[in-house]
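Biologist: I am new to this structure and should like to understand the terms used to describe it. Please set each value against its definition as we proceed.

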Amino acid sequence: RNFEHLIPDAPELIHDFLVNEKDASCKRNAFMMLIHADQDRALDYLSTCIDQVQTFGDILQLVIVELIYKVCHANPSERARFIRCIYNLLQSSSPAVKYEAAGTLVTLSSAPTAIKAAAQCYIDLIIKESDNNVKLIVLDRLIELKEHPSHERVLQDLVMDILRVLSTPDLEVRKKTLQLALDLVSSRNVEELVIVLKKEVIKTNNVTEHEDTDKYRQLLVRTLHSCSVRFPDMAANVIPVLMEFLSDNNEAAAADVLEFVREAIQRFDNLRPLIVEKMLEVFHAIKSVKIYRGALWILGEYCSTKEDIQSVMTEVRRSLGEIPIVESEIKKEAGELKPEEEVSVGPAQKLVTEMGTYATQSALSSSRPAKKEEDRPPLRGFLLDGDFFVAASLATTLTKIALRYVALVQEKKKQNSFLAEAMLLMATILHLGRSSLPKKPITDDDVDRISLCLKVLSECSPLMNDIFNKECRQSLSHMLSAKLEEEKLSQKKESEKRNVTVQPDDPISFMQLTAKNEMSSKEDQFQLSLLAAMGNTQRKEAADPLASKLNKVVTQLTGFSDPVYAEAYVHVNQYDIVLDVLVVNQTSDTLQNCTLELATLGDLKLVEKPSPLTLAPHDFANIKANVKVASTENGIIFGNIVYDVSGAASDRNCVVLSDIHIDIMDYIQPASCTDAEFRQMWAEFEWENKVTVNTNIVDLNEYLQHILKSTNMKCLTPEKALSGYCGFMAANLYARSIFGEDALANVSIEKPIHLGPEAPVTGHIRIRAKSQGMALSLGDKINLSQKKTSL
């Protein structure tokens with residue numbers, strides 16, 4: 001190969017050798033030489049042995065994939081010739097070859113069979129690869145495929161295959177998989193999807209070997225919730241399974257189930273008897289007071305028959321225990337003190353008297369056996385713990401069902417009996433709240449609420465009946481309607497983003513009708529079509545290394561008068577930073593052992609130390625250094641260049657480099673979460689950073705948009721809540737780093753009207769994060785970018 005210019009027939013000799021040689025390793029080496037010597041002849045040989053490419057080595061297979069991509073890019077008519085070769089490489093034993101072949105196949109063909117084969121290859125890679133980072137990267141490629149409208153239909157047939165990825169224990173992989181499956185679900189495959197998700201939910205029951213099991217169950221519940229809302233026919237199959245989890249120890253998962261049940265019972269009239277029946281079955285097993293309150297509200301609102309109302313009262317009495325509560329608790333306390341257990345003799349203790357002699361004293365101590373908290377009925381336990389908000393909810397529920405019972409039953413004696421029982425329960429709770437038995441006394445608000453319910457039941461006026469039994473349900477209906485409108489609006493925005501808009505007067509280019517001599521002028525257009533097939537129209541700039549370098553800002557590391565001049569391009573990738581450093585010898589001496597020494601501050605780590613160089617007079621060299629990034633916080637890279645001057649007797653010379661500051665914004669991406677998740681994270685996160693607003697912006701909305709743009713965060717507060725104008729504004733912001741770290745922010749700003757219309761916005765921004773570095777770095781970023789610069 002080194003002397004091929006001396007042998008004009010070298011490519012032909014190699015080709016003949018390939019045809020006749022039987023040894024696989026020799027053929028691989030010869031084929032690599034042929035690619036180097038004569039690419040056209042190598043392609044001719046490749047077209048004759050397409051079925052044998054799987055026997056080639058991994059490196060050679062990767063070379064073949066790249067070669068086919070370049071050839072088809074330059075000459076699209078060659079695609080039909082080599083497409084079968086790419087299909088064969090999808091069956092390669094090397095994961096890298098399969099990944100590259102699938103990506104190349106998508107760019108070469110948009111036929112449904114090609115997209116399906118590439119997607120199947122991606123799914124197999126995700127399942128078989130053990131590295132979670134690889135799984136996430138390949139999942140992103142599948143999501144990119146889904147973004148293309150013509151490919152979405154093909155992927156819909158592969159939903160069940162995609163769900164096989166749920167066998168991966170990593171929560172982030174499961175989350176992306178469920179979101180992808182939910183985006184692809186249709187009326188054709190929703191039944192199968194629900195069956196699989198139900199099985200996954202049942203698997204998570206009583207499983208505690210993995211810390212993310214509870215969060216995974218939440219994801220499954222929310223996915224089933226979304227499926228049931230979009231396809232109401234599935235709700236009847238989903239609800240009985242999910243309602244078993246109302247008694248779950250994990251309050252967050254049970255809260256998601258409760259929210260789903262509340263929405264289902266309001267929207268689907270035909271499912272109300274089933275939901276009420278299941279709710280009564282699991283009611284006594286609910287362990288969380290928050291879930292208990294929600295279940296009480298649902299039962300009180302939707303029990304419409306006499307039998308259901310009687311069942312609710314029976315369950316409440318069962319959960320409350322013996323009444324009156326105060327008297328029964330006092331009796332229980334007194335009954336547990338038995339004479340033989342009351343006094344016990346402790347060990348003899350030796351004491352010294354004033355005279356110095358020893359005396360013996362026996363200590364009498366009273367012991368009371370500990371009362372088992374578990375023996376208490378659940379509602380009684382909540383009340384004795386001092387949680388009387390559930391008592392207010394119970395009073396409302398009893399009032400609703402009592403008023404409904406009076407309307408259903410005509411016998412005056414039964415009406416009075418039911419009303420008296422409900423009022424007795426409320427009165428005994430009020431008595432308990434005023435006693436010293438609970439850990440915390442009842443609050444005035446709860447007293448007012450229970451007293452109001454007692455008054456309503458004593459009067460039974462038609463006005464109160466309408467308020468309790470009609471207005472409450474209408475409020476829920478309005479809230480669900482507003483929520484549904486927001487979801488539809490967000491889905492509409494997403495679909496508008498994905499739609500490819502073509503203007504009526506846009507020219508149509510047919511590749512088959514393009515002359516061969518015009519093919520070179522159409523190269524850019526073909527590149528665009530390839531990118532469109534990949535579902536990404538923004539890769540053209542990134543694909544060109546020269547263009548990407550020109551777009552980068554050069555970071556000057558030394559002064560122009562220093563003996564060694566250095567500057568760097570800082571390439572920030574997903575998990576690492578590549579420094580491309582140009583080093584120039586500005587002296588007339590030869591510099592030996594010229595070494596770039598770097599150090600990092602923050603959660604950055606230098607992967608390897610750059611090798612020493614020898615620079616001739618006025619020579620230059622490029623040095624590349626890789627820095628690994630482990631978390632989202634501002635980092636600093638600093639260091640120096642040390643060198644020896646050839647022939648000089650002095651010590652090593654040193655040039656100190658300027659610091660390179662790594663921006664946190666390169667790792668933060670906008671994200672969304674539910675209000676419940678936001679509140680939960682806000683309560684859990686340890687670090688808070690409070691930033692005072694100091695800006696020259698005078699409009700509240702303009703300041704909010706400026707902060708969103710500066711921090712890459714997403715506003716969770718809906719537009720309706722921010723519309724209009726008043727003197728203040730509050731909004732919740734959320735972002736997620738590429739490392740899975742969450743960042744929360746609450747913007748509380750106001751317009752000081754008394755200072756005039758041109759007064760700037762004032763207020764505070766509170767940032768909360770799990771790590772101190774992220775909270776401080778985000779606060780620094782906000783402080784630096786608060787003021788709007790005028791160009």
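Modeller: Two residues are in contact when heavy atoms of theirs lie within 4.5 Å. Please note also that this is a predicted model.

Biologist: Which residues are in contact with lysine 628, leaving aside its neighbours within four places in sequence?

Modeller: They are Tyr575, Asp576, Asp603, Leu604, Lys605 and Val607. As for aspartate 603, its C-alpha atom is separated by 8.6 Å from that of lysine 628, and the two residues are 25 residues apart along the chain. Lysine 628 itself has its place in strand β11, residues 620–629.

Biologist: Why is lysine 628 called partly exposed?

Modeller: Its relative accessible area is 48%. Buried means under 20% and exposed means over 50%, with partly exposed in between; lysine 628 is therefore partly exposed.

Biologist: What share of the chain is made up of buried residues?

Modeller: Of the 791 residues in the chain, 43% are buried. The chain has 32 helices and 20 strands.

Biologist: What makes α15 a mostly covered helix?

Modeller: In α15, 12 of the 17 residues are buried. Among them are Ala252, Asp256, Phe260, Glu263 and Gln266.

Biologist: How do you know that the length of α15 agrees with what is expected at 1.5 Å a residue?

Modeller: The expected span is 1.5 Å times one less than the number of residues. For the 17 residues of α15 (residues 251–267) this gives 24 Å, and the end C-alpha atoms are 24 Å apart, so the two agree.

Biologist: What does the same comparison give for α23?

Modeller: Helix α23, residues 412–434, has 23 residues and reaches 33 Å from its first C-alpha to its last, close to the expected 33 Å. Its buried residues include Phe418, Leu419, Ala422, Leu425, Met426 and Ile429.

Biologist: Why are α22 and α24 called roughly parallel?

Modeller: Helix α22 (residues 389–408) and helix α24 (residues 444–459) pack at an angle of about 10°, with their axes 9 Å apart. Angles under 35 degrees count as roughly parallel, so α22 is roughly parallel to α24. Their crossing is left-handed.

Biologist: Which residues of α22 and α24 meet?

Modeller: From α22 they are Phe389, Ala391, Ala392, Ala395, Thr396, Thr399, Ala402 and Leu403, and from α24 they are Asp446, Arg449, Ile450, Cys453, Val456 and Leu457. These residues divide into 10 nonpolar, two polar and two charged.

Note on methods
Residues numbered from 1 in each chain as written. Predicted model: local features only at pLDDT ≥ 70, side-chain atom pairs only at ≥ 80, totals over all residues. Heavy atoms only, no water. Axes fitted to C-alpha atoms, helices over the stretch in contact; angles between N-to-C directions. Helix = DSSP H or I, 4+ residues; strand = E, 2+ residues; numbered from the N terminus. Parallel < 35°, antiparallel > 145°, perpendicular 65-115°, else oblique. Left-handed = near helix turned anticlockwise from the far one by under 90°. Nonpolar A, V, L, I, M, F, W, Y, C, P; charged D, E, K, R; others polar. Buried < 20%, exposed > 50% of the residue type's maximum accessible area, 1.4 Å probe, protein only.
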